[in-house]
Amino acid sequence: MNIIQEFETIAAISTPLGTGGVGVIRISGDKSFEIALKISDKDNLTPGKIYHSWILDDNKKIDEVLILPFKSPNSYTGEDVVEIHCHGGINVVKNILDIVLKNGARMAERGEFTKRAFLNKKMDLSQAEAVDDLIHAKTSDFAIQSAKNLSGVLAQKIKQIRSNLFEITSRIVAGIDFPEDVAQVEYSYLVENFEKSIQEVNRILSFAKTSDIMRQGIKVAIVGRPNVGKSSLFNALLNLDRAIVTNIAGTTRDVIKETLDLGVAVTLIDTAGIRENENIDKVEEIGIEYSKQSAMEADLILFLYDALEGFTDEDKVIYEIIKHKPHIIIANKIDLIAGDYAPVTSNTISFSTLSTDKIEELKEKITSKVCDVSFDDTEFITNKRQQTCLLRCAESLENALKAAKKEELQDMIYIDLKSALLALDELTGEVVTDEILDNIFNHFCIGK
Ligand SMILES: Nc1nc2c(ncn2[C@@H]2O[C@H](COP(=O)(O)OP(=O)(O)O)[C@@H](O)[C@H]2O)c(=O)[nH]1
Ligand SMILES: [Mg+2]
């Protein structure tokens with residue numbers, strides 16, 4: 001990884017292919033400046049300046065643009081980079097890319113700009129992964145968390161844990177190699193130190209579940225018998241009239257899905273009311289089958305019944321189907337009841353789809369039901385790859401701790417420490433295989 005690599009100059013469109021105010025073509029590599037000079041009306045580009053220019057193809061005017069030159073190492077990739085900001089039309093952007101490619105660049109692969117930034121040590125692997133997270137964040141909270149990792153919050157923490165372990169490892173090695181000159185590290189010191197490191201690693205891991213949920217989102221299905229207010233709740237949560245609401249039982253015959261940002265991305269699913277009745281037709285029957293399936297696939301079920309009608313035998317039948325899944329029981333249409341209301345269980349919420357306060361309360365209840373930690377309190381977000389590295393690190397440290405407690409030979413402790421360090425180095429990308437890199441960067445978009 002430390003070999004200085006000769007890279008070809010690459011180029012790609014960095015903005016989405018669509019119609020917009022501005023489109024950006026990015027060029028990175030040794031030939032960036034040369035290419036930019038060839039295709040523009042400039043004869044000199046000073047890094048840090050912005051140039052107004054025309055892009056020319058054999059003297060034909062292609063577009064009026066801004067050119068932003070960056071000199072290595074002060075660029076996104078660490079190489080010479082030129083950005084061309086042109087008018088944001090699909091064909092303008094494509095034309096300019098073609099001219100850039102014709103003049104000596106090759107088309108960038110997925111994530112190749114960020115991969116180069118990583119290989120040139122502009123960022124560690126956790127920051128490179130944060131770039132992708134930030135771009136693909138399904139919610140605004142997750143984007144904010146990803147930006148924290150991009151700024152190096154996770155990288156710094158790992159660096160800190162690593163440097164402590166590295167120092168101990170060096171002292172152990174010195175004690176082993178030069179027993180006459182260097183005193184063996186005290187076992188009590190090792191025990192204390194390993195315990196602290198394990199705690200720190202576990203602290204990062206304690207946010208793993210929240211990280212996963214924030215990254216993937218959750219499915220929430222609204223289930224209940226016909227006419228209890230499922231579609232009304234669906235619309236109220238989304239704050240729009242998406243599902244048809246009527247007082248005719250069997251109105252919703254299909255499964256309707258929409259995404260809701262509750263910090264976690266919620267796929268909200270409205271289902272056909274489940275009922276057993278000889279009058280139901282084939283379409284409704286299929287709808288009911290879908291409802292049951294959706295309920296089974298959901299991470300959380302909002303189970304509704306009509307407070308005015310009470311918890312009927314039919315409600316009970318449906319409740320039996322879903323009760324093993326995480327769920328919230330909602331007694332709806334509470335506005336129709338004068339006086340106090342005693343719900344079916346103590347943790348049932350008395351509800352009305354007409355009350356905005358109740359809707360907000362329910363939103364909070366949904367997130368607290370699926371996440372142990374509030375999104376604001378999430379210190380570290382990690383992905384599966386990083387979690388695996390951290391688990392391996394913690395396991396090796398546990399072994400080192402056990403050995404230190406038993407005052408075993410420090411050669412043995414050294415081996416465990418080495419594997420703890422390796423796990424951390426794999427997390428940051430200090431040690432990395434091409435396969436891992438391909439795996440990470442192949443998920444990126446072209447132009448990033
Ligand atoms: N009073 C009152 N009526 C409601 C409430 N929620 C839904 N409804 C009414 O109940 C009927 C059935 O609602 P709908 O959402 O279509 O029920 P679904 O069949 O379970 O999807 C409609 O006439 C709604 O206006 C509520 O909280 N209070
Ligand atoms: Mg409905």
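## Surroundings of S32

Leaving aside neighbours within four places in sequence, S32 is in contact with T9, I27, D80, V81 and V82, and this environment is described here from a predicted model. S32 itself lies in helix α1, which covers residues 32–39. A polar atom of the S32 side chain lies 2.7 Å from the backbone oxygen of G29.

S32 has a relative accessible area of 0% and therefore counts as buried, the cut-off for that class being under 20%.

## Strand β5 and its partners

Among the contacts of S32 are V81 and V82, and strand β5 comprises residues 81–88. This strand is mostly covered, in that six of its eight residues are buried.

Strand β5 is paired with strand β2, residues 20–28, through eight bridges, and the two strands run antiparallel. Within this pairing, V22 has H87 of β5 as its bridge partner. Strand β4, residues 60–70, is likewise joined to β5 in an antiparallel arrangement, here by five bridges, and L68 stands opposite E83 of β5.

## The shell around ligand 1

Ligand 1 is surrounded by 17 residues, of which N227, K230, S232, D335 and T353 are the closest. Sorted by class, this shell has nine polar, five nonpolar and three charged residues. Helix α9, which spans residues 230–238, gives the most to the shell, contributing three residues.

## Polar contacts and cover of the ligand

Three pairings that involve oxygen atoms of ligand 1 can be described individually. The side chain of S232, a residue listed among the closest to the ligand, places an N or O atom 2.6 Å from a ligand oxygen atom. For S231 the atom concerned belongs to the backbone, where an N or O atom lies 2.9 Å from an oxygen atom of ligand 1. In the case of N332 it is again the side chain that takes part, with an N or O atom 3.2 Å from an oxygen atom of the ligand.

On its own, ligand 1 has 580 Å² of accessible area, and the protein covers 84% of that area.

Technical notes
Residues are numbered from 1 along each chain as its sequence is written. Chains are lettered from A and ligands numbered from 1 in the order in which they are written. This is a predicted model: local features need pLDDT of at least 70, side-chain atom pairs count only at pLDDT 80 or more; totals for chains, interfaces and linings use all residues. Side-chain values use heavy atoms; hydrogens and water are left out. A residue is near a molecule or strand if one of its heavy atoms lies within 4 Å of it. A polar contact is a pair of N or O atoms within 3.5 Å; within protein, one must be able to donate a hydrogen and the other to accept it, and residues adjacent in sequence count only if both atoms are side-chain atoms. Accessible areas come from the Shrake-Rupley method with a 1.4 Å probe; for residues, only the protein chains shown count as cover. Helices (H or I, at least four residues) and strands (E, at least two) are DSSP runs, numbered from the N terminus. Ala, Val, Leu, Ile, Met, Phe, Trp, Tyr, Cys and Pro count as nonpolar, Asp, Glu, Lys and Arg as charged, and the others, Gly among them, as polar. Buried means under 20% relative accessible area, exposed over 50%, partly exposed in between (1.4 Å probe, protein chains only). Contact means heavy atoms within 4.5 Å. Two strands pair if DSSP finds at least two bridges between them.
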